[in-house]
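These are my notebook entries on what I looked up in this structure, kept in the order in which I went through it.

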Amino acid sequence: MTAPGWRRTLVRLRRRPLGSAAFMVLVFVFLFAPLVVMVAFSFNSSPRLSFPFAGVSIRWYQEIFTDTLVLRAFRRSIQAAVVTAGITGVLGLLAALGILKVAARWRTVFLTTALGPLAIPGLLYAIGLAVFYRQIGVGRSIWSANLGHALIALPFVFLIIGASLERFRFGLLEAAQDLGATRWYAFRTVTLPLILPAVIGAMLLAAAISVDDFVIAFFTAGQDKTLPLVMYGRVLKGIDPTLNAIGTVMLILTTSLAFMAASRTTIGER
Amino acid sequence: MTDGPGQPFQPAILLEGVTKRFGSVVAVDNVTLAVEEGEFFSLLGPSGCGKTTLLRMLAGFETPDDGSVYLRGEDVTLVQPNKRATNMVFQNYELFPHMTVFNNVAYGLKLKKVPKDEIGQRVNEMLEVVGVGGLGARAADQLSGGQQQRVALARALINRPAVLLLDEPLSALDVKLRKRMQLELKSIQHSLGTTFVYVTHDQEEALLMSDRVGIMNHGRLLQIGAPRSIYEQPRNEFVADFVGTLNDFAITVTRTEGDLAVAEHGDGDRIVVMAGDDCRAGHTLRIAVRPERILVTPSDEETDSGQSASSLSGRVEDVIYMGPITQYLVDTRMLGRVVSQRMSNEEATLITPGLEVAVTWAVDAAFPLSDRDSVDNPTT
């Protein structure tokens, strides 16, 4: 799907003067150099973060995978991702189905309200949540952070599932009903299988948002530090080579989640 | 859903004074109709005439605002679609795209908890009946239009419905395939003996396939009858016009001869029609004549039409060749343009634009028309 566009870009580039091609390269270097450097140094055997490489090793990985603090944070991040995906998957599906029943003139109001949070900085949510939790007497923990993650991921999930329902042919449900199906049976055998790719894609995206989050967790997770919080703690003490290894693991985790989400929501559609 | 034969004295479908409104629009207006067991019944009308709404009320997707719907004598007015012994073939088929052909057709049987062996056997049999045997493993979204149509038919028929409802099922197919499917549908209906209620806007299709046709306009059922009676004895102008092409004229009676009314004009032009006893000279009558009943002959030729036939003189405006038939537009002195349709044969080539001709038709070719939307009282 991307291949033809990609090739077209290449062909077009070939027709351009050399200057613009060089500019493109610079942009890509700017975009990816930090990541390349991080991944490269995670395999550097010397603790010094400078060239030339002393040698290739996986000692930093061995170190982080035996560090209980990192492992616990890693587990918390995974837990947060799974819980966020679960909560937003269910709520997003229900919301997307529910809005279909709302009268057309109210729908815009609902949509704007539901999607509004997309435009609000995460920091405001984080502060608001911290204040709110304190007011209602909820302590800071990974569960508090989970709820916050669900909050910021829900609009995306709602949007993706809603878009797939917009293409759904509701005549199919009439056909199922005509053949004797109850509404619930028709939903299970027709609606759900047809929108499932979008639902899973949306949940993967929610998981990626959760893994990636720093701000919400910083304000609400308290002592239950997620991976980004642990990394932040280490950065304060100076750049440590294990950071590169943790960073590389997170890079693989988030990009593969995002990639899976993208392929589900685009290839999955009919 | 019921399998066995209905009680013999109960019609398969009985509608009593059914009305359906959408906001201020009356989609179906006080329709009363009985469809017999095993009948092929068509609802014919222009788009927006209420025929699809009527069908959807039979299926249970719409609830009438007034009146009752009976299925084999049982009042189903408020019964949900999944509890009715009707099945529907939708206009765009609505096959489940994520299932195989087999699972599409088996959907209804699985719901009825039919044993697995029996499902397999019945599905394969039904696929054979509708002419897509061997396609069971194919994904439903990998079928041609004609195949989808057949699978949709199989998926509905396999449930052995009391009535099969078909909502313009052939409208998405190309002309050639449509013609073939019309005959096939008819023969499938005949061999299974299932009651069909068929919605269409194509008058030719309705006449060709149906035992009886009901013509609808503006939500009302205007006339019900066998194809021949609908075509040859339409009771009002709308029916006459919608079912086939039509010449319609207003004539002023100049004299009467027994039960014949005669309107004369100039020298030799006259129209003769059957009229009621109360018809007097000076009355205005609206009459209609089918183009294929009108004969066009060169003026210099002797016509053997007797005194009882209508005869007008005129000049040929245009000759339109349409393959098996040719259409003549004749400008007559008495009535203006008259359209005639004849078989395209050797004789037909003698008539060319500009030629002076005589336009004639027999007395029984003309029928009187009532007002455009007047409602027929269904007696059946």
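Entry 1, chain B as a whole. I began with burial, and in this predicted model buried residues account for 51% of the 380 residues in chain B. I then looked up the extent of the chain and found that its C-alpha trace spans about 80 × 45 × 40 Å along the principal axes. For the secondary structure of chain B I noted eight helices and 21 strands.

Entry 2, a strand pair in chain B. I followed strand β18 (residues 325-332) of chain B to strand β19 (residues 336-343) of chain B, and the two pair in the antiparallel sense over eight bridges. The connection from β18(B) to β19(B) is a hairpin that runs through three residues. Which residue of β19(B) is the bridge partner of B:V330? I found that B:V338 takes that place.

Entry 3, B:F40. I located B:F40 in strand β3 (residues 40-44) of chain B. Is B:F40 buried or exposed? Its relative accessibility is 0%, and because buried means under 20%, B:F40 counts as buried. I also checked its distance to B:V213, which lies 173 residues away along the chain, and the C-alpha atoms of the two are separated by 8.6 Å.

Entry 4, helix α1 of chain B. I wanted to know how far helix α1 (residues 51-59) of chain B is covered, and since eight of its nine residues are buried, I recorded the helix as largely enclosed by the rest of the structure. The buried residues of α1(B) are B:K51, B:T53, B:L54, B:L55, B:R56, B:M57, B:L58 and B:A59. After α1(B) comes B:G60, and I noted that its phi is positive, near 100°.

Entry 5, salt bridges. I counted over all chains and obtained 21 salt bridges in the structure. As a reminder to myself, side chains of opposite charge can pair when their charged atoms come close.

In chain A, I looked at A:R234 and A:D67, whose side chains meet in a salt bridge at 2.6 Å, N to O. This pair links distant parts of the chain, with A:R234 in helix α11 (residues 227-236) of chain A and A:D67 in the loop between α3 (59-64) and α4 of chain A, 167 residues apart. I found A:R234 to be buried at 13% relative accessibility, whereas A:D67, with a relative accessible area of 21%, is partly exposed.

In chain B, B:E168 forms a salt bridge with B:K51, and their closest N and O atoms are 3.5 Å apart. B:E168 sits in the loop between β7 (163-167) and α5 (175-192) of chain B while B:K51 belongs to helix α1 of chain B, so the pair ties together parts that are 117 residues apart in sequence. Both B:E168 and B:K51 are buried.

The side chains of B:R150 and B:E184 also meet in a salt bridge, at 2.9 Å, N to O. Here the link runs between helix α4 (residues 145-157) of chain B, which holds B:R150, and helix α5 of chain B, which holds B:E184, the two residues being 34 residues apart. I recorded B:R150 as buried with a relative accessible area of 8%, and B:E184 as partly exposed with 24%.

Finally, I noted a network of salt bridges that links A:E174, B:R56 and B:E62.

Entry 6, the largest pocket. I looked up its volume and found about 470 Å³ of space. Its lining has 13 residues, and the closest to its centre are A:K101, A:F170, A:L173, A:R183 and A:T191. At least two lining residues each come from α8 (171-178) and α9 (183-212) of chain A, and α9(A) supplies the largest share, five residues.

Entry 7, the cavity. How many cavities of 30 Å³ or more are there? The count comes to one, and the largest cavity holds about 50 Å³ of space. A:I64, A:F65, A:V70, A:L71, A:F74, A:L227, A:I246 and A:V249 line the largest cavity. Two or more of these residues come from each of α4 (68-99) and α12 (241-267) of chain A, and α4(A) gives the most, with three residues.

Entry 8, a surface patch on chain A. I traced a nonpolar patch formed by A:F23, A:M24, A:V27, A:F28, A:F30, A:L31, A:F32, A:L35 and A:V36, with about 900 Å² of accessible area together. From this patch I picked A:V27, which lies in helix α2 (residues 18-42) of chain A and is partly exposed, with a relative accessible area of 34%.

Note on methods
Residues numbered from 1 in each chain as written. Chains lettered and ligands numbered in written order. Predicted model: local features only at pLDDT ≥ 70, side-chain atom pairs only at ≥ 80, totals over all residues. Heavy atoms only, no water. Pairing = 2+ DSSP bridges. Patch = residues over 30% accessible without salt bridge, like charges linked within 9 Å, V, L, I, M, F, W, Y side chains within 5 Å. Areas by Shrake-Rupley, 256 points an atom, 1.4 Å probe, with all protein chains shown as cover. Salt bridge = Lys/Arg side-chain N within 4 Å of Asp/Glu carboxyl O. Buried < 20%, exposed > 50% of the residue type's maximum accessible area, 1.4 Å probe, protein only. 1 Å grid on protein atoms, 1.4 Å probe; cavity = no way out; pocket = protein on both sides within 12 Å on 5 of 7 lines; lining within 4 Å. Points joined across faces, edges and corners; volume = space filled by probe spheres on them.
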